[in-house]
Amino acid sequence: MLKYFEHSASPLYAQVADAMRERIVKGIWPIGEKIPTLPTLAAGFGVGLITVRQSVQLLKTEGLLAPKQGQGTFVLRQPETHPRMQVESSLQGLAELYRRQSPRLISLAEGFAKPSLAPDDGIAAPRYKFLRRIHATERQFTSVISAYIDERVFNLAPERFRTETIIPVLMDLKAVKIGSARQILTISTAGEEAANALNISVSAPVAEVRRVICAADGTVIYVADLTYRGDYIRVDMNLLA
């Protein structure tokens, strides 16, 4: 397996952790089962003991594995999954989802930046406030977001935009009249920047979501590019809707 891992630019321990995490997700290592010893894992993955030890420690930190004194290391739980991710979700439903979840927000950057807009996205605002941050649960990072908010809209509730998820704040602003809202979901693999932010390996499976919200006059007031960990997202579609 070492040759496979060598194709990625990610740290070796992160790649091995991905492989271990996949075994838990697929039930190859069921909840409550003791995982193989470190030497056995090292031999199976074709890596050193230090690498395997780092990988196991990462999954312990995520709450997926737990040691039992004198017995070994056991699978504690599966990775968390997004409770509901509709491919065609209403904006109101999305706002309610974020209100219920209330993820922990970890700021990575704040400033001003221009989003990349397609011709059919809408009319660009004069200037955009840029926020890049991580959404996290108590146990792990789940997504990283790059958000662009029309500066005029941002100035209506700057502290709320900095400390809360953005869509519920937008929905609460009576001065903002939303004319259109689009969401595009793409299954992809993690680039280096997203991998570093989410503590996963480069080329690990991810779900990329792009959201574009326009005012009634067609001005793009919000653009967001999100990358979700592949082991966190779950698409739930009602085929009779």
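A salt bridge is taken here as a side-chain nitrogen of Lys or Arg within 4 Å of a carboxyl oxygen of Asp or Glu. In this predicted model, the structure holds 16 such bridges. Asp 18, Arg 21, Glu 62 and Arg 229 are joined through them into a network, and that network makes a handy place to start.

Two of its members sit on one helix. Asp 18 belongs to helix H2, residues 12-25, and Arg 21 is listed among the buried residues of H2. Asp 18 has a relative accessibility of 16%, and because buried means under 20%, Asp 18 counts as buried. Beyond its sequence neighbours up to four places away, Asp 18 touches Ile 200, Ser 201 and Ala 204. The other buried residues of H2 include Ala 14, Gln 15, Val 16, Ala 17, Ala 19, Met 20 and Ile 24. With 14 residues, H2 reaches 20 Å from its first C-alpha to its last, close to the 20 Å expected at 1.5 Å a residue. After H2 comes Gly 27, with a positive phi near 80 degrees.

Arg 229, another member of the network, leads over to the sheet. In strand E8, Arg 229 is the bridge partner of Val 206. Strands E7 and E8 run antiparallel and are joined by nine bridges. They are part of an open sheet of six strands, ordered E3-E4-E5-E8-E7-E6 and paired antiparallel. E3 and strand E6 (178-189) stand at the edges with a single partner strand each, so one side of each is left without a neighbour in the sheet. On average, neighbouring strands are turned by 15 degrees against each other, direction ignored. Away from that sheet order, strands E1 (residues 65-68) and E2 (residues 72-75) also run antiparallel, with four bridges between them. They form a hairpin with three residues in between, and Gly 70 in the turn has a positive phi of about 80 degrees. Leu 65 stands opposite Val 75 of E2.

Next, the nonpolar interior. In soluble globular proteins, nonpolar side chains tend to be buried together. Here the largest nonpolar core has 30 residues, and the members touching the most others are Ile 149, Val 153, Phe 161, Ile 166, Tyr 222 and Tyr 228. Two or more residues each come from helices H5 (91-101), H6 (151-154) and H8 (166-172), and from strands E5 (141-150), E7 (205-215) and E8 (220-229). Val 153 shows how the pieces meet: leaving out residues up to four places away in sequence, Val 153 touches Phe 161, Leu 170, Leu 173, Val 176 and Ile 221. A second, separate core of 18 residues includes Ile 24, Val 56, Leu 58 and Val 75. Two of these have already come up: Ile 24 is one of the buried residues of H2, and Val 75 is the residue across from Leu 65 in the hairpin.

Phe 154, in helix H6, is buried, with a relative accessible area of 3%. Setting aside neighbours within four places in sequence, Phe 154 is in contact with Glu 110, Lys 129, Leu 131, Ile 149, Phe 161 and Arg 162. Phe 154 and Tyr 128 lie 26 residues apart in sequence, with their C-alpha atoms 8.5 Å apart in space.

Two of the contacts of Phe 154, Glu 110 and Arg 162, also pair with each other. Arg 162 and Glu 110 form a salt bridge whose closest N and O atoms are 2.8 Å apart. Arg 162 lies in helix H7 (residues 158-163) and Glu 110 in strand E3 (residues 104-112), so this pair links distant parts of the chain, 52 residues apart. Both partners are partly exposed, Arg 162 at 31% and Glu 110 at 39% relative accessibility.

A further salt bridge brings together the side chains of Arg 132 and Glu 193, at 3.5 Å from N to O. Arg 132 is in strand E4 (residues 128-136) and Glu 193 in helix H9 (residues 192-198), so the pair ties together parts that are 61 residues apart in sequence. The two ends sit in contrasting surroundings: Arg 132 counts as buried at 13% relative accessibility, whereas Glu 193 is exposed at 55%. Finally, the side chains of Arg 152 and Asp 150 meet in a salt bridge at 2.8 Å, N to O, and Asp 150 is buried, with a relative accessible area of 3%.

Methods: Residues numbered from 1 in each chain as written. Predicted model: local features only at pLDDT ≥ 70, side-chain atom pairs only at ≥ 80, totals over all residues. Heavy atoms only, no water. Core = buried A, V, L, I, M, F, W, Y, C linked by side-chain atoms within 4.5 Å. Buried < 20%, exposed > 50% of the residue type's maximum accessible area, 1.4 Å probe, protein only. Contact = heavy atoms within 4.5 Å. Expected span 1.5 Å × (residues − 1). Pairing = 2+ DSSP bridges. Axes fitted to C-alpha atoms, helices over the stretch in contact; angles between N-to-C directions.
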